[in-house]
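Welcome! Let us take a friendly walk through this model, from the whole fold down to a few single residues.

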Amino acid sequence: MKFKTNGELRTLAKRRLGGCWCECVGSLLVFAGIITAAVLAWLLVIRFLYTYGIIGFDVDEMFSKGTPLFFCISGLAAALLVIAMMPFKYGICWYYAQAAEGRNVPASCFFSCYMHPEHFRKTLKLGLAVWAHRLVVLIPSGAAAALCAAVSVKVLRSEGGILLNTVVLALMLLLATAAVFFYIWFTVRYELVPYIYAAYPEKSVSEIIGISAKCSGEARLYLVRNMFSLVPWEFSCLLIFPTIYVVPYVHMIAAIAVADILSDEEGSKAADSGKEEDYALV
């Protein structure tokens, strides 16, 4: 099957966002609000513990004087927050999948996975399973990238020749880039998981992950190409304000691309049944 071009994806994404842009921005603001509230709560906890002498450092000193135990607890708290937000992520994917097909659904669908205990448990299992699969690739690729960074720092501090240092730095940059690309190339196969779950919530975790891997097999280059084509847009989010335009746009393009892949004949066969007119999360 011939997939849509980048231009076709962008044109269709703009058209689909025309009817639901406010809802999409609302979900982004909710997500940002939850993260901001969590960070502020953590800072208040640190200030409280410091005020009553339980810890020996204040908010402005936690990175310089924090103990390994403090950073472990902070990391655990962050991980728990991410896990708690997994159903929200799946609700967002459900909404965008509906919008990509031109359906009008209420904004409350962003929280649909919290409203049904079965969906809540299933999305947590799926999220953790995808994490585990990604971790298998992240460990070697992350270790390679970290090694390249360490070698680069050592080279910069050395007094070797300019030509030799330049060659070594270029080689380290190339290897680090290859490690990052390796991670993206082998984990993009799990990008379809939330959308497949939205379409077929009755399937098991292993079945959904297997369908995602199979459907994205021949479409892997298509997905990676779209991911890299959106990098300039994502960098514009560093200016903060463009985020409210870029994030819904990127999400919608991803949803349309996934719908394009799932409409392929092999994707339909992998699902073992015809796709119903409406998804079944709500």
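Of the 282 residues of the protein, 39% count as buried, where buried means under 20% relative accessible area, exposed over 50% and partly exposed in between, with a 1.4 Å probe and protein chains only. Please keep in mind that this is a predicted model, in which local features need pLDDT of at least 70 and side-chain atom pairs count only at pLDDT 80 or more, while totals for chains, interfaces and linings use all residues. Residues are numbered from 1 along each chain as its sequence is written, and side-chain values use heavy atoms, with hydrogens and water left out.

**The overall picture**

The protein has 14 helices and zero strands; here helices (H or I, at least four residues) and strands (E, at least two) are DSSP runs, numbered from the N terminus. Its C-alpha atoms fill a box of roughly 60 × 55 × 35 Å along the principal axes. About 16,100 Å² of the protein is exposed, and carbon and sulfur atoms supply 70% of that area, as computed by the Shrake-Rupley method with a 1.4 Å probe, where for residues only the protein chains shown count as cover.

Contact means heavy atoms within 4.5 Å. Among contacts with a separation of 6 or more, 73% come from residues 24 or more positions apart.

**Helices α2 and α5**

Two helices make a good starting point. How far apart are the end C-alpha atoms of α2? They are 45 Å apart, which agrees with the 45 Å that its 31 residues (21–51) should span at 1.5 Å a residue. The expected span is 1.5 Å times one less than the number of residues in the helix. The 15 residues of α5 should span 21 Å by the same rule, and its end C-alpha atoms are indeed 21 Å apart.

Within α2, the buried residues include Cys24, Val25, Ser27, Leu28 and Ile46. The buried residues of α2 pack against α1 (6–17), α3 (62–65), α4 (68–84), α5 (86–100) and α13 (243–262). As for α5, 14 of its 15 residues are buried, so this helix is largely enclosed by the rest of the structure.

A glycine with a positive phi follows each helix: Gly53 just after α2, at about 75°, and Gly102 just after α5, at about 85°.

**Three buried residues**

Now let us zoom in on single residues.

| Residue | Relative accessibility |
|---|---|
| Ser152 | 16% |
| Cys93 | 7% |
| Ser74 | 18% |

Ser152 lies in helix α7 (residues 117–157). Its side chain reaches the backbone oxygen of Cys148 at 2.8 Å. This is a polar contact, meaning a pair of N or O atoms within 3.5 Å; within protein, one must be able to donate a hydrogen and the other to accept it, and residues adjacent in sequence count only if both atoms are side-chain atoms. Not counting residues up to four places away in sequence, Ser152 touches Leu169 and Met172.

Ser74 is found in helix α4. A polar atom of the Ser74 side chain lies 2.9 Å from the backbone oxygen of Phe70.

Cys93 belongs to helix α5. Which residues does Cys93 contact, leaving aside its neighbours within four places in sequence? They are Pro194 and Tyr195. Cys93 and Leu192 are 99 residues apart in sequence and 9.7 Å apart in space, C-alpha to C-alpha.
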